[in-house]
Amino acid sequence: MFSNSWIPTSPCRLHPIQDCRLDTLHKKNKINNEQRPTTSFCTRRIRHTMVPYNPSKLLNHAASSVLTTDASTDGNSPGICSLAGSNDDDNGGVDQQLFFVTSYSDFDKLAHGPRGHAGKYTLRVYRFYANDGSLVLLHINGEAANVINPAFSRFHPRLNVVYTCTEDIEENGKILAYQIESDGSLLQIGEVDAGGTSTCYLTIDREQRNLIAVNYWDSSLVVIPLSKTTGEFNGPIQSIYDPRQGKAMQAAAKKHGGVNHSNNDESTIAQRQVDPHSHALVLDPFEGCVAYVPDLGKDLIREFWYDTEGGRIGCEIHTMPSGLSTGKPDGPRYIEFHPKFNVAYVVNELSSTVAVFSVDRELLSEIARAAKLKKPMDAFKGRSTLKLIQSIKTVPSAFPTKLNTCGRICVHQSGRFVIVSNRGHESITIFRVKQSNGNSGKSRRGTLAQVGFFHTRGETPRHFQFDHSGQFLIVANQDSDTIAVFSFNLTSGEIKYSGNEYRVPSPNFVCSCPMYDRDGDYEEIREQEKVGHHIHLADEDNTSTIPTSVEFDLKKDNSTDTGLLSELEIARKEIAELRKQISSMTITPEFLTGN
């Protein structure tokens, strides 16, 4: 047996051994990648062998990191396909999975105030091992003087290219494109101006002809053309939208007397919401013609027509509150769509809530048809594709909201869980997604019930990411300079600390980069994209919503399909099943991008 103080003295990767348990002390288990940039260690606590998801062999474990659990589980196995095999040779078509991790390097250039250590290098690439959830550092890049505060990344859905953007409230951000190799090395293939300050979000449109960037500080939205062949930038900005309409910013930067946007007290919120602050842009996954922009500064979800042919942000169709409109600030940060239901989820950073919306598919189709016929989009102004159906807290009801701000929101690839990070409460909150409408009519498919709160073993979990199998969760704890790996129970939704933790200075984003031979895969991905959104699961979820949730009983259920659409969906499912027999790859573009 190994002693608790044993640490390897040469680069290695430990593999799980049957009936063997290796315990290492928490403090001695951290790997300081900043001090040893060329060395990769893995020391961990091993209790049992972890393998990628197999519906017939579910992982059973206790949630030792759970803080509270308020909802029971139904005990049914998720009805999803494995995205990875049980060993390195049977991995669902993925040669290997890499993670691209970014760090803050200059805190004075940020609207918020990290409390960790600034990185001397801002880009890291890790190889992930699904048998035990370990990471090995392959590559370090991005000297702090050259790549300043990269804060959001996007992996191309078809090419081995990753994009990242820099965050600076005084100078325009940069968007960098890297070709990522199988050995983890990065080859920069492009750089463009982001057209605004504090760049915070990147989206690739449905046809992969354009990259859309969001600038938080001045709230601008820009469209940049891409090469479909190489993923390189095809030129500078071709379209820009300014919701301030040229008006100057009212709030001052932090180093010029402005507030620290990490805080959530009344005086900070007043300054954060004096100007509009676009925080993300997500295209609807059904038609790709409506862009949803959470505006944290104005407590709104903005709906824009996106001109897919011209590659530009068109007219603003509608704006709506991002929550209950209680008079208190919400601060919408991100919006995510359910992979199967006509439902969207908005995480409100300031109120620590998730707002659940039904999505009007018929209106989206109507907008798409009108756009193809070149009809004026002004006819759709005032009509929203979203309708609020639930609001639920992300922190315990007795925990002070002013001490927390929400980070990321994610819908698990199975469609059974929604996950949110809490910065301040230092936790991951997991919700179970109701899979069918309740008998009373008040419990709607797609609404949420709380599973529990799970400590992240660090401070300020700004971001997290699943591996492509969906059974490991990698959390970036920004202010404790660590990334931690958790196993994810696909039945209960609970997470358990794996024992794997790595030192990274001020980590702010974890981007999943599953590497594989992309030749001939694009059409299959597109077909799965079409099919994957509309498969309705039949099993009933009997969990109830906790008291901090508010649901709304709507007369119209927009998720009900017509007979024609149902027949079309069956045909698509049959096509997808045939394709899966030809190839084991089942990854959708939304999951590949990792956001």
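Which residue in β24 is the bridge partner of isoleucine 430? The tour returns to this pair at its fourth stop. The model on display is predicted.

**The whole chain**

Begin with the entire protein chain selected. The chain contains 5 helices and 30 strands. Of its 595 residues, 63% are buried. The accessible surface amounts to about 22500 Å², and carbon and sulfur atoms account for 49% of that area. When contacts between residues at least 6 apart in sequence are considered, 63% of them join residues at least 24 apart.

**First stop: the sheet β5-β6-β7-β8**

Select strands β5 to β8. These 4 strands form an open sheet in the order β5-β6-β7-β8, with antiparallel pairing. At its edges are β5 (150-155) and β8 (186-197), each of which pairs on one side only. From one strand to the next, the twist averages 20 degrees. Now restrict the selection to β6 (residues 161-166) and β7 (residues 172-180), which run antiparallel and are joined by 5 bridges. Within this pair, threonine 164 has leucine 176 in β7 as its bridge partner.

**Second stop: the sheet β9-β10-β11-β12**

Move along the chain to β9 and the strands that follow. Here 4 strands make an open sheet with antiparallel pairing, in the order β9-β10-β11-β12. The edge positions belong to β9 (199-204) and β12 (239-241); each has a single partner strand, so one side of each is left without a neighbour in the sheet. The twist in this sheet averages 20 degrees from one strand to the next. Strand β11 (residues 221-225) runs antiparallel to β12, and 3 bridges join the two. To find one position in this pairing, select valine 222, which stands opposite isoleucine 240 in β12.

**Third stop: helix α2**

Next select residues 361-372, which form helix α2. The helix has 12 residues and spans 17 Å from its first C-alpha to its last, close to the 16 Å expected at 1.5 Å a residue. At its N-terminal end, aspartate 360 acts as a cap, with a side-chain oxygen 3.2 Å from the backbone nitrogen of glutamate 362. Colour the buried residues of α2 next: Arg361, Leu363, Leu364, Ser365, Ile367, Ala368 and Ala370. The elements that cover these buried residues include β14 (290-295), β15 (300-307), β16 (312-321) and β19 (353-359). After the helix comes lysine 374, whose phi is positive, near 60 degrees.

**Fourth stop: β23 and β24**

Select β23 (residues 427-433) together with β24; the two run antiparallel and are joined by 7 bridges. The opening question is settled here: the bridge partner of isoleucine 430 is glycine 452. Strand β24 (residues 448-455) is mostly covered, as 7 of its 8 residues are buried.

**Fifth stop: two loop residues**

Is serine 414 buried or exposed? Select serine 414 in the loop between β21 (405-411) and β22 (417-423). This serine is buried, because its relative accessible area is 1%, and the cut-off for buried is under 20%. Its side chain makes a polar contact of 2.9 Å with the side chain of histidine 412.

Finally, select arginine 457, in the loop between β24 and β25 (461-466). Arginine 457 counts as partly exposed, because its relative accessibility is 32%, and that class lies between the cut-offs of 20% and 50%. Display asparagine 477 as well: it is 20 residues from arginine 457 along the chain, and their C-alpha atoms are separated by 8.0 Å.

Terms used
Residues are numbered from 1 along each chain as its sequence is written. This is a predicted model: local features need pLDDT of at least 70, side-chain atom pairs count only at pLDDT 80 or more; totals for chains, interfaces and linings use all residues. Side-chain values use heavy atoms; hydrogens and water are left out. Two strands pair if DSSP finds at least two bridges between them. Axes are lines fitted to C-alpha atoms, for helices over the stretch in contact, and angles run from 0 to 180 degrees between N-to-C directions. The expected span of a helix is 1.5 Å times one less than its number of residues. Buried means under 20% relative accessible area, exposed over 50%, partly exposed in between (1.4 Å probe, protein chains only). Contact means heavy atoms within 4.5 Å. A polar contact is a pair of N or O atoms within 3.5 Å; within protein, one must be able to donate a hydrogen and the other to accept it, and residues adjacent in sequence count only if both atoms are side-chain atoms. Accessible areas come from the Shrake-Rupley method with a 1.4 Å probe; for residues, only the protein chains shown count as cover.
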